[in-house]
Amino acid sequence: MRQYVIRRVGYCLLSLFLLSLTIFFFVRVTGDPATLLVEPGASDADIAAIHHHFGLDQPLWTQYGLFVWSLAHGDLGQSFYYQTPVMELYLQRLPNSLLLAFVAMALSLLIGIPSGILASVRVGGFWDGFGKLFSLLGLSLPSFLVGLLLILVFSVYLGWLPSSGAGGPLHLIMPAFALGWYFAASHMRLTRSSMLDVLGSEYIKLARLKGLPQSLVIAKHAFKNALIPVLTLAGINLVIMVNVAVVVEVVFAWPGIGRLLYEGITFRDFPIVQGVVILGGAMIVIVNLFVDILYAVIDPRIRLES
Amino acid sequence: MSTPADVIRLPTPAPPRFSAIRALRLGDVPMVPLAILGVIALVAVFANQLAPHNPEIGSLTARFKPPFWVKGGSTEYLLGTDQLGRDVLSRLIFGARVSMVVGFTAVFFAGIVGTILGIVSGYLGGWVDQVIMRITDTWLALPALMFAIFLASIVGPSMWNIVIILGLVYWTRYARVIRGEVLSLKEREFVRLAIVAGCSKLTIMRRHILPNVINSAVVLGTLMLGVVIITEATLSFLGVGVPPPEPAWGLMLSDGKQGLMVGYWWLTVFPGGCIVLMVLSANLLGDWLRVKFDPQLRQL
């Protein structure tokens, strides 16, 4: 077990190293990073000053060392537009993003799990066909389009829901649905296949042989075990949701991390863009580590494998 | 006198006639998606001939005209005009060109990089495999959209930059799958025989492994087409994709957002509909190909 954890932590650190290297490398290979770090319209003298200030006149390895050093201290630089540290801005927006992601996740599970179970009970039946259509649409409709169409129907024509901003629970409904839509389809598919796996196992056959009614077999015996992979995926997806909500947050003007990233793009505020991407990537790498370790705790086969 | 061979000869079934045609029979090919993609491709090729107006120049006197069947619309602008008085239909037609070019070249680019790295990684193994797979894992961990936004904000918006960015972001998906296939292929008899026959590693990878993974790469490519088109539309929508005034569907949606609250629905519904039609067709076609050619990929 200990060996497994050490190995996983090692991989995680390696991933973080590669992540920082990727970001560092791409910023420098595509041109002079000083042009990204100064405000648009800066003079040559300003650029030279920036070069010196950020150590861009030093050898690459020193630069990379400095880059990682400041990352390790949680220093992601200063936003040009807001004139505050990027970390501070990020932490300000994080609660909003988490709120949106939690509601969207709840919605996607509420839609995905029951429809996945219905689809698995009779393969090839009506609900299975319906589920296939649903998952196809989930993959094919981009979330910003879902958002725009929701606004068109529920804000412009019906006037039921506010089209933008944060506030009461009403503000959450449409963004959460637009964000959860794709994930509902993916949760449905996993619930279906996981239910099918479980329904084929011996103990379900036994439960049926005992004469338990179908509803009890599904609800009590199969459902619980089929839920494990779905909830694991949901855990990872929650982190992914926080980081892919950019478009939804832009459509609904939701003040989260994605909106911050968008502001970074439109104001050419590079430290924000870089900071959000680094933190997002790091968050996902670390959550993956936890999931791996959790798996090993639950399932001895995994920790003995290596 | 009959020879033993005559006695035990079994009635062989008559060989199917026109087998080549049967292999391409229209019955189980998803005709509708194929037709939609075909039409979009034709529209993209003949955009210059088909578009009734210049897609990038509008007349400010004809702003926000609705489609012709709505009151206030005219047959001059069949699907209405946008905030600069540009013809929506013409922009949609030229937008098809952008989506097609970006979609196919990005999928192709990602496919080449991913397939080569997947084969090298799977066949050579050892530290090469370790290095390539670690990079793949790390890049896969970054949400594709966020990674693309990051790259796009560094290199600046242009259509070809988007192609390169999408290729850089999505090659990892190919590398993963192809590597898995190569791992099982390289244990097979014909590869061992090739080694015995003295083929170099490069020859084996090129002549013996590559033809066997091409199927998977094509199936994966079709499935990726939808993803790539959505990502392109998303980047354009966010303002880091295809730069204005070029007509891209994602960009049109972004422009249309301004008019949405006042009810100018045609600026959102038409480009949105085009994206959905194209992505849906690509996904249906990809699903069909996957089941048809590659049972191993079914669980993807």
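A helix here is a DSSP run of at least four residues, and helices are numbered from the N terminus. With that in hand, here are some exercises on this predicted model.

**Exercise 1. Work out the secondary structure of each chain, and find how much of each chain is buried.**

Step 1: Start with chain A, which has 14 helices and 0 strands. Chain B comes to 12 helices, again with 0 strands.

Step 2: Turn to burial, for which a residue needs 20 or more other C-beta atoms within 10 Å of its own. In chain A, 39% of the 306 residues count as buried. In chain B, buried residues make up 46% of 300.

Step 3: Look at contacts between residues at least 6 apart in sequence. In chain A, 70% of these join residues at least 24 apart. For chain B the figure is 70% as well.

Step 4: Add the overall extent of chain A: along the principal axes, its C-alpha atoms fill a box of roughly 85 × 60 × 30 Å.

**Exercise 2. Where is the predictor's confidence highest and lowest among the elements of each chain?**

Step 1: Take the averages. The mean pLDDT of chain A is 81, with 94% of its residues at 70 or more. Chain B also averages 81, and 88% of its residues score at least 70.

Step 2: Go element by element. In chain A, helix H5 (residues 86-121) has the highest mean, 88, and helix H14 (residues 300-305) the lowest, 66. In chain B, H5(B) has the highest mean, 90, while helix H2 (residues 19-23) has the lowest, 43.

Step 3: Examine the weak spot. Over residues 15-25 of chain B the pLDDT is below 50, and beyond near neighbours in sequence this stretch has 1 contact in the model.

Step 4: Note the scores for the whole model: ipTM 0.80 and pTM 0.82.

**Exercise 3. Compare the span of H5(B) with the expected one, and say what follows just after this helix.**

Step 1: Helix H5 (residues 88-124) of chain B has 37 residues, and 54 Å is expected at 1.5 Å a residue.

Step 2: From its first C-alpha to its last, H5(B) reaches 52 Å, close to that expectation.

Step 3: Check its cover: 28 of the 37 residues of H5(B) are buried, so the helix is mostly covered.

Step 4: Move past the end of H5(B), where B:Gly125 takes a positive phi of about 65°.

**Exercise 4. Which residues of H1(A) are buried, and what covers them?**

Step 1: Confirm the helix geometry. The 28 residues of H1(A) should span 40 Å at 1.5 Å a residue, and the end C-alpha atoms are indeed 40 Å apart.

Step 2: List the buried residues: A:Arg8, A:Ser15, A:Leu16, A:Leu18, A:Leu19, A:Thr22 and A:Ile23.

Step 3: Keep the helical repeat in mind as you read that list. An α-helix has 3.6 residues a turn, so residues three or four places apart point the same way.

Step 4: Find the cover, which includes H13 of chain A together with helix H6 (126-141) of chain B.

**Exercise 5. Describe the contact between the chains and the largest nonpolar core.**

Step 1: The contact takes 38 residues from chain A and 36 from chain B. Helices of chain A that each supply at least two residues to it include H1 (2-29), H10 (214-244) and H13 (270-298).

Step 2: Sort the chain A side by class: 29 residues are nonpolar, 9 are polar and none is charged.

Step 3: Go to the largest nonpolar core, which has 158 residues; among those with the most contacts inside it are A:Met241, A:Val246 and B:Leu238. Helix H10 (residues 201-238) of chain B gives the most to this core, with 17 residues.

Step 4: Zoom in on B:Leu238. Leaving aside its neighbours within four places in sequence, B:Leu238 is in contact with A:Val246, A:Val247, A:Val250, A:Tyr262, A:Ile265 and B:Ile149.

**Exercise 6. Is A:Ala253 buried or partly exposed, and why?**

Step 1: Locate A:Ala253 in the loop between H11 and H12 of chain A.

Step 2: Check its backbone: phi of A:Ala253 is near 50°, a positive value in a residue other than glycine.

Step 3: Count the surroundings. A:Ala253 is partly exposed because 14 other C-beta atoms lie within 10 Å.

Methods
Residues are numbered from 1 along each chain as its sequence is written. Chains are lettered from A and ligands numbered from 1 in the order in which they are written. This is a predicted model: local features need pLDDT of at least 70, side-chain atom pairs count only at pLDDT 80 or more; totals for chains, interfaces and linings use all residues. Two residues are in contact if their C-beta atoms, placed from the backbone, lie within 7 Å. Ala, Val, Leu, Ile, Met, Phe, Trp, Tyr, Cys and Pro count as nonpolar, Asp, Glu, Lys and Arg as charged, and the others, Gly among them, as polar. A residue is buried if 20 or more other C-beta atoms lie within 10 Å of its own, exposed if 12 or fewer, and partly exposed in between; C-beta atoms are placed from the backbone. A nonpolar core is a set of buried Ala, Val, Leu, Ile, Met, Phe, Trp, Tyr and Cys residues joined through C-beta atoms within 7 Å. pLDDT is the predictor's confidence in each residue, from 0 to 100. The expected span of a helix is 1.5 Å times one less than its number of residues.
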